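Work through the exercises below with the sequence and the model open. Each task is followed by a solution in steps.

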Amino acid sequence: MSDATLHTEVLVLGGGPGGYTAAFRAADLGKRVTLIERYPVLGGVCLNVGCIPSKALLHMAQLIHEAEEVQDHGLKFGKPEIDIGKIRAWKESVSKSLNTGLAGLAKQRKVTVVQGAGRFTAPNAVEVETPEGVKTITFEQAIIAAGSSPTQIPSFPNDDRRLWNSTDALELKQIPKKLLIVGGGIIGLEMATVYHAFGSEIHVVELMDQIIPGCDKDLVTPLLRRIKKQYKNIWLETRVTAIEPQNDGLKVSFEGKGAPESELFDAVLVAVGRRPNGKLIGAEAVGIAVDEQGFIPVDKQQRTNVPHIFAIGDIVGNPMLAHKATHEGKVAAEVAAGHKAGFDALTIPSVAYTDPEIAWMGLSENQAKQQGIDYDKAVFPWAASGRSLSLGRKEGATKILCDKATGRILGAGMVGPNAGELIAEAVLALEMGADADDIGLTIHPHPTLSETFGFAAEMINGTITDLYVKKG
Ligand code: NAD
């Protein structure tokens with residue numbers, strides 16, 4: 001076999017959270033694994049230009065807001081000085097320490113990492129354009145974890161540096177005076193949080209009648225109320241019809257409720273979703289089914305229509321979340337190694353790391369209504385939580401839905417500081433088949449925000465110390 005040809009038992013295409021998890025698990029189960037990643041570092045979008053750097057910047061935003069808001073309670077700081085060069089370097093150092101760690105973990109597990117873009121050339125071969133030339137890697141089994149890319153709007157200019165996608169926004173090259181965010185989803189609102197804290201005037205334009213349209217409205221309302229005061233405009237049921245580059249900014253035209261005909265912005269972030277990369281890897285040419293949108297359909301074992309080829313993560317379907325990809329990655333690796341495994345998680349939690357954070361899992365109230373499911377509901381207002389008030393915040397809420405007949409938890413949602421951390425308990429409760437009694441009888445430490453989950457469960461049962469629940 002020439003230098004340009006390698007053989008491996010399990011080939012993993014893509015080194016994001018799904019791909020490296022699959023590769024490491026397969027190696028732990030005794031397989032010889034080759035992991036192909038187009039970028040020089042592992043970690044994919046999440047670790048390098050997504051979840052992790054955005055959280056580093058969101059932490060800065062939180063500090064800025066907290067320092068500002070605590071003034072009302074008698075603690076005064078000066079105006080923050082923002083050194084974007086230093087912040088950028090710090091953010092990059094966070095990603096770097098994680099991808100250095102991953103490179104070490106790959107080495108310890110003897111996973112061969114090949115850098116370059118890979119494409120299928122046969123049902124058992126992938127060609128990789130590496131910096132040293134083209135390599136062919138033959139395999140017994142493959143796991144596709146090639147992710148997704150930001151959706152582009154074809155009519156928008158594609159070569160103007162003032163028109164950003166999420167990667168550009170995270171580069172933090174400058175703080176635009178006036179920033180338009182197209183798409184009031186998770187990326188759009190997280191980046192709005194960051195740039196608002198750093199001093200940009202924020203305008204958001206969202207197609208639907210609600211920001212974060214996939215989430216129940218009552219959970220989104222506390223966020224909307226807060227950002228309405230912070231941002232210059234939030235235009236709902238509105239679309240951008242054109243963007244024209246001009247010397248002094250991008251001229252944006254709108255159509256819809258309440259928006260102006262056109263306005264000039266210093267930068268525009270387009271965050272209208274992501275598209276799967278299924279059509280970019282030569283999959284169809286070797287017989288792997290890829291649907292019109294670019295998703296690769298899989299079964300519960302993560303197998304594609306080609307039995308020795310698996311697929312995981314964004315490329316197999318929504319929601320496009322790293323924690324779904326890692327879970328699927330383990331399943332695919334275990335099945336490839338001959339174990340009995342399948343994707344049988346009851347829910348994939350969602351978190352918007354906005355301020356306040358919003359997190360939800362299981363059945364949403366919208367879904368329960370659409371599906372005609374009989375449920376009991378309780379909403380505990382954080383205004384009655386001592387811990388929340390001691391943080392200077394009272395807008396939060398914890399909602400639980402339980403099955404009317406069995407009392408079992410069906411879904412939960414939280415809005416407030418740290419909601420993203422708190423939702424994990426609800427996920428565990430759902431996975432364990434807990435009912436409102438189980439949750440209410442679980443002693444939660446006082447005073448914590450976690451208590452609000454126990455309180456909401458007590459409300460389902462009609463008795464709670466810190467609120468008066470009217471008898472029905
Ligand atoms: P998204 O689907 O969350 O939001 C896109 C928003 O844009 C939606 O509200 C949609 O209605 C709106 N929209 C679509 N077309 C539009 C148009 N032409 N004009 C105005 N609005 C329009 O997508 P995203 O925020 O781009 O994120 C992409 C993916 O990455 C999602 O799957 C998201 O879940 C994931 N992500 C997750 C996290 C997290 O878990 N915290 C963070 C970032 C991204």
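A charge sits over a ring if NZ of Lys or CZ of Arg is within 6 Å of the ring centre and within 35 degrees of the ring normal. The model used throughout is a predicted one.

**Exercise 1. A charge over a ring**

Task: Find which ring Lys178 lies over, and place that ring among its aromatic partners.

Solution.
Step 1. Lys178 lies over the face of Phe265, 5.0 Å from the ring centre. The cut-off for this distance is 6 Å.
Step 2. Phe265 belongs to a cluster in which ring pairs also link Trp235 and Phe254.

**Exercise 2. Aromatic pairs**

Task: State how many aromatic pairs a search of the whole structure finds. Then describe the geometry and setting of the pair Tyr20 and Phe24, and do likewise for Trp164 and Tyr195.

Solution.
Step 1. The search over the whole structure gives six aromatic pairs.
Step 2. In the pair of Tyr20 and Phe24, the centres are 5.8 Å apart and the planes make an angle of 45 degrees. Planes under 30 degrees apart count as stacked and those over 60 as edge-to-face, so an angle in the remaining range is called tilted. The pair Tyr20 and Phe24 is therefore tilted.
Step 3. Tyr20 and Phe24 are four residues apart in helix α1 (residues 17–28), and so about one helical turn separates them. Both residues are buried.
Step 4. Trp164 and Tyr195 also form a tilted pair, with 5.3 Å from centre to centre and 45 degrees between the planes.
Step 5. This pair links distant parts of the chain, 31 residues apart: Trp164 is in strand β8 (residues 163–164) and Tyr195 is in helix α6 (residues 186–197). Trp164 and Tyr195 are both buried.

**Exercise 3. The ligand and its surroundings**

Task: Identify which residues come nearest to the ligand, list polar contacts with it, and relate the site to the UniProt record.

Solution.
Step 1. There are 21 residues around the ligand, and Ile187, Glu190, Glu206, Gly273 and Val351 come nearest. Helix α6 supplies the largest share of this shell, three residues.
Step 2. Ile187 has a polar backbone atom 2.8 Å from an oxygen atom of the ligand. Glu190 places a polar side-chain atom 3.0 Å from a ligand nitrogen atom. For Leu207, a backbone N or O atom is 3.3 Å from a nitrogen atom of the ligand.
Step 3. On its own the ligand has 840 Å² of accessible area, and the protein covers 78% of it.
Step 4. The unreviewed UniProt entry places the feature "binding site" at Gly183, Gly184, Gly185, Ile186, Ile187, Gly188, Leu189, Glu190, Glu206 and Gly273. These positions span 91 residues in sequence, but no two of their C-alpha atoms are more than 14.2 Å apart, so they gather at one spot.
Step 5. Ile187, one of the annotated residues, is in helix α6. Ile187 counts as partly exposed because its relative accessibility is 34%, and the partly exposed class lies between 20% and 50%.

**Exercise 4. An annotated histidine**

Task: Is His446 buried or exposed, and where does His446 lie in the chain?

Solution.
Step 1. The unreviewed UniProt entry places the feature "active site" at His446.
Step 2. His446 lies in the loop between α12 (436–440) and α13 (451–460).
Step 3. His446 counts as exposed because its relative accessibility is 63%, and the exposed class requires over 50%.

**Exercise 5. Backbone exceptions**

Task: Locate cis peptide bonds that precede Pro319 and Pro356, then compare the settings of Lys110 and Leu172, which have a positive phi.

Solution.
Step 1. Most residues other than glycine have a negative phi, and most peptide bonds are trans.
Step 2. The bond from Asn318 to Pro319 is cis, with omega near -5 degrees. Pro319 is in the loop between β17 (309–311) and α8 (322–336).
Step 3. The bond from Asp355 to Pro356 is cis as well, with omega near 5 degrees. Pro356 is in the loop between β18 (350–352) and β19 (357–362).
Step 4. Lys110 is not a glycine, yet has a positive phi of about 60 degrees. Lys110 lies in the loop between α4 (84–108) and β3 (112–115) and is exposed, with a relative accessible area of 70%.
Step 5. Leu172, also not a glycine, has a positive phi of about 50 degrees. Leu172 is in the loop between α5 (166–171) and β9 (178–182). With a relative accessible area of 0%, Leu172 is buried, whereas Lys110 is exposed.

Methods
Residues are numbered from 1 along each chain as its sequence is written. This is a predicted model: local features need pLDDT of at least 70, side-chain atom pairs count only at pLDDT 80 or more; totals for chains, interfaces and linings use all residues. Side-chain values use heavy atoms; hydrogens and water are left out. UniProt positions are given in the numbering used here, feature names are shortened, and annotations may be inferred rather than shown by experiment. Helices (H or I, at least four residues) and strands (E, at least two) are DSSP runs, numbered from the N terminus. Buried means under 20% relative accessible area, exposed over 50%, partly exposed in between (1.4 Å probe, protein chains only). Rings of Phe, Tyr and Trp (its six-membered ring) pair if their centres lie within 6.5 Å; planes under 30 degrees apart count as stacked, over 60 as edge-to-face and the rest as tilted. A residue is near a molecule or strand if one of its heavy atoms lies within 4 Å of it. A polar contact is a pair of N or O atoms within 3.5 Å; within protein, one must be able to donate a hydrogen and the other to accept it, and residues adjacent in sequence count only if both atoms are side-chain atoms. Accessible areas come from the Shrake-Rupley method with a 1.4 Å probe; for residues, only the protein chains shown count as cover.
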